[in-house]
Amino acid sequence: MIYYMVRRILTMIPTLLVISFLIFLIIELPAGDYISNQIAALRTSGESASIAKLEFLRKEFALDRPFFERYLIWIGAWPGPNGFDGLLQGNWGWSFEFDKPVNEVVGPTLPLTIVLNFATILFVYIVSFPIGMYSATRQYSWGDYGFTFLGYLGLAVPNFLLGLILLYLFNRWFGLSVGGLMAPEYIDQPFSFDKLMSILAHLIVPTIVIGTSGTAAMIRRLRANLLDELHKQYVTTGRAKGLTERKLLTKYPLRMALNPFISDIGNLIPSLVSGSVIVSVVLNLPTVGPVLLSALQSQDQFLAGFILLFVAVLTLFGMLVSDILLAVLDPRIRLGGRAAS
Amino acid sequence: MNVLSIDGLTVDFNTAEGKVRAVDDVSFAVPENKTVALVGESGSGKTVISQTIMGLLPTMADITEGHVVLSDPHGKVPPVDIATLDRKGKTMRSLRGNRISIIFQEPMTSLSPLHTIGDQIGEAAVLHRDCSAAEARDLTQEMLRLVQFPDPKRGLDTYPFELSGGLRQRAMIAMAMICHPALLIADEPTTALDVTIQAEILKLIKDVQAELKMSVLMITHDFGVVANMADEVVVIYHGRIMEKGTAQDLFSNPKHDYLKALLNAVPSFNMDRDERLMPIRPIEVKADSLKQRGTASKVAPGQPLVEMHDVVKEFTLRKGGLFSTKPASVRALDMINLTIKKGECLGLVGESGSGKTTAAKAILRAIEIEEGTIRYNHGSGLENVHKLRGPDLLDYRRRVQLIFQDPFSSLNPRMTVNDILTEPLQIHNIGTAAEQAERARSLMDLVGLDPRFLRRYPHSFSGGQRQRIGIARALALNPEFILCDEPTSALDVSVQAQILNLLQDLKRDLNLTYLFVSHNLAVVDYIADRIAVMCRGRLVEVGETREVVSNPLHPYTRALLSAVPEPDLNTPLDFAALDANRASEPGEWPEPFRVVDGIEPVLIEMEPNHFVCAPGMKTRGALEGTAA
């Protein structure tokens, strides 16, 4: 088991390398870069005063080097103008648009992004699990149809619309301030219990909004999985032993139906981040989503690259967690090699 | 005293098309300490009766009439009528797995893959015998010893996927036995197993029955099993009982036509060479239209058509990971030398995992081989099959066709029969659309199906009919050589007889050559001219069918033959002589038959035209054969 985990973690390294290369390649695909675009813009308007400064920046960030060298400098495996100074050394790069280091731009948003993602995944699982079980065991009942209807509604209603409606309602009913991740008076205040409560209260709406479609999809998936398992022979075997229906359900088919549930942890993360961009803009949430959007639009390559890489790492981590959980839960994965040899 | 008495049982299914009567006025009894066999084809209602007794009927089924009374000879509870109990109620639950238990057909799917054997077996004990988890564990270990698990203590913590089919079925039996039930229902307990393992499991059920003093209701369609196990027999057809009585009476003097027909449909070893099986619903073969068109093969009958020379195939078990050392591999074919002659039917026999299907696939060139050559005679001498390219390969594909084992998964459910039958013609670009349609109609005639069925989809056919569609598909291109991969093992006896006769008639009328792969020796004995026996990737015995069956020389062949249950009360299985697993372990065969890894399994002609794998005799200077 330990061997399996070590191997699994080690295989993440080449995966991450390939991902970082692909990200860099895709970001660099459009012609030019942020600075050369700036220079071109300045030339057309006849201003040449600040061109020298921009040329200096180009050199400073090694944008004049060949593609592979630029990539290696970015990840920190090649000496740049200032020696080895890249992602491996902890330097996340420079944001041209905001004119400050990337870690200062995204730094404050990262923990909130993670918190929001985590809360959403929890929400998805906690809500969809009992509903999926109910729908599968009472297939074609009124409850099943009701939840199915609600689920489709959740899938079909655009997230930003749902977000606006919920914000309005929460404001009317509970007096919650509109937008943001905390009440305005706590911004830039030192951390306190009240601030924490404010953050938690403001998390509710985005969590529901971002999680609805995921929950609806998850309910359908769990229902279908469980329905498949319920008619398998081993369930009949268990019933033939005289088990009560409830115990039978939780011990046998539910555990089998859990597998896809767990392997989805990794898949959920990227879809949550990319899906929540519009919601974050509408609800004015300080997550990385909106930053990523503007960075991509302005070809702010180090910023965009870093955020994409960050999401990739989150995803890989989610995959790792789901793989390890799967191995713990499913002996066929854990001991598969032993049986074959 | 009867442990179970069923009286006038009638079960209806409420389907979308209305009520369907699955069981109609069935009455029989299972006496204490006896075995009753319930015999019938699939769809006859056998399983519905077993579900009724277990209280496991699906919700859409209703018991409309009758009583199912269970009276436990050892219990202190008065007799109960199961038909009146709530199926999910407490009383029914306390009977299930406690006083009545069941073994299912498929040991592969009837155990949960995520729980250890010990957990699953002990569960019933915790439920019904009021014991702690630790006590249940001890009890389970005791049960595993009773069902002859090799290492009961270790067996507790193994998962089902780590066990072979035979061991899983033993675990199932242990699970059913742990509460010492009064009645055991065995629903086709050996149908999915190899003959040698079947014999072991049957012996085990008999032993356990004697030790625990219980009654057994054996549900089966195999008369060999019936003859060896049953004291009384109940024959059921379309939900009605046709005949019942003691096994002695029924075998010696079958009265009902249906039972007679069933008995006539079973192949057995003491049939004459030209005796034919009598299927319940025979098929007329109309081969006239195809005979004229069949391309005359240039190979004379009796000449070698396919020749395998020192063929080796290795399978890698698991890909070597990033850090693991060299991958483990297993030899599926070990120096196979085999010749198939034009116009004959060669039976290839062995247990599952012996490499017989791999050999067939290698000839078909569905898989690549590591060493050796497979050569095929197109009419101008033998050519290496694995070197064919382009048009030559396409021509070879036209000449060699395959009939699959499972008629349910081998036909595309989204294609009509017409599409299935004309697809080979389209691939090989044969004929116009009108000719192809005509061809499809004559193929349907050939296998005895109504050409009007051409527009239907496979799901509307029964297993036997699907297999006939599979045969028609294989014949679409006028092949010379057909590989039959266990074509009848998924079918009932009556349908099996029908398919076997069809294959024989087609071979005669269309000048075909067969390689017939099967684990059922009686079937191979019926259809094959010569038999080749395989074990663990090695060919162990080759010879004329009569010769091999009546005078088996190799210990493995002997073990195989002795394990086949005959549908005859006078030749019971010799349970005492079964020594578990020994015969299929090449390293434990006596000299000169012993084969270990690294020793070349050579075939020696021990008697005229009768070759046996005996590496020990090669060194003594005996004549080395090539298994011509």
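Here is a short walk through chain A of this predicted model, from its overall layout to one residue at its border with chain B.

Let's start with the broad view. Chain A is built from 15 helices and 2 strands, and its C-alpha atoms occupy a box of roughly 85 × 65 × 40 Å along the principal axes. The domain assignment splits out domain 1, covering 2-91, and domain 2, covering 109-285. Taken over C-alpha atoms, the centres of these two domains of chain A are 37 Å apart.

How is the chain packed? Of the 341 residues in chain A, 32% are buried. If you look at contacts within chain A between residues at least 6 apart in sequence, 67% of them link residues at least 24 apart.

Now turn to the partner chain. On the chain A side, 25 residues make contact with 31 residues of chain B. Helix 1 (2-28), helix 10 (233-240), helix 12 (253-283) and helix 15 (331-340) of chain A each contribute at least two residues to that side. Sorted by class, the chain A side holds 9 nonpolar, 8 polar and 8 charged residues.

Helix 10 of chain A is a good place to zoom in, since A:R239 is found there. Is A:R239 buried or exposed? A:R239 counts as buried because 21 C-beta neighbours lie inside 10 Å, where the cut-off for a buried residue is 20 or more. Beyond its neighbours within four places in sequence, A:R239 is in contact with A:L248 and B:L56, so you can follow this residue to a partner in each chain. For a sense of distance, A:L258 is 19 residues from A:R239 in sequence, and their C-alpha atoms are 20 Å apart in space.

Definitions and conventions. Residues numbered from 1 in each chain as written. Chains lettered and ligands numbered in written order. Predicted model: local features only at pLDDT ≥ 70, side-chain atom pairs only at ≥ 80, totals over all residues. Domains from an automatic or database assignment. Contact = placed C-beta atoms within 7 Å. Helix = DSSP H or I, 4+ residues; strand = E, 2+ residues; numbered from the N terminus. Nonpolar A, V, L, I, M, F, W, Y, C, P; charged D, E, K, R; others polar. Buried ≥ 20, exposed ≤ 12 C-beta atoms within 10 Å, placed from the backbone.
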